[in-house]
Amino acid sequence: MSLTSTAHELVTLASGGEGGGNHESLNPYLVGGLAFLGLMFLLWVTTRFNRDR
């Protein structure tokens, strides 16, 4: 298998997706906001347990 045929197969595989891979019921702002809040909560927990510094 040569490099050009491998690259061609990967491009064909990447471009043959079904509508970009986004699920219709997922709102990207909601998912991003929840991820941000989750990370802020983890940061808050980490700083509460690290009071000696």
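User: Why does the span of helix H1 (residues 3-15) agree with what is expected?
Analyst: The expected span is 1.5 Å times one less than the number of residues. For the 13 residues of H1 that gives 18 Å, and the end C-alpha atoms are 18 Å apart, so the two agree. Helices here are DSSP runs of H or I with at least four residues, strands are runs of E with at least two, and both are numbered from the N terminus. The model is predicted: local features need pLDDT of at least 70, side-chain atom pairs 80 or more, while totals for chains, interfaces and linings use all residues. Residues are numbered from 1 along each chain, and side-chain values use heavy atoms, without hydrogens and water.

User: How many helices and strands does the chain have?
Analyst: The chain has two helices and zero strands.

User: What makes leucine 39 exposed or buried?
Analyst: Buried means under 20% relative accessible area, exposed over 50%, and partly exposed in between (1.4 Å probe, protein chains only). Leucine 39 has 54%, so this residue is exposed. Its place is in helix H2 (residues 28-49).

User: Why is H1 called hardly covered?
Analyst: Among its 13 residues, the count of buried ones is zero. Of the 53 residues of the chain, 0% count as buried.

User: What span does H2 reach?
Analyst: H2 has 22 residues and reaches 32 Å from first to last C-alpha, close to the 32 Å expected.
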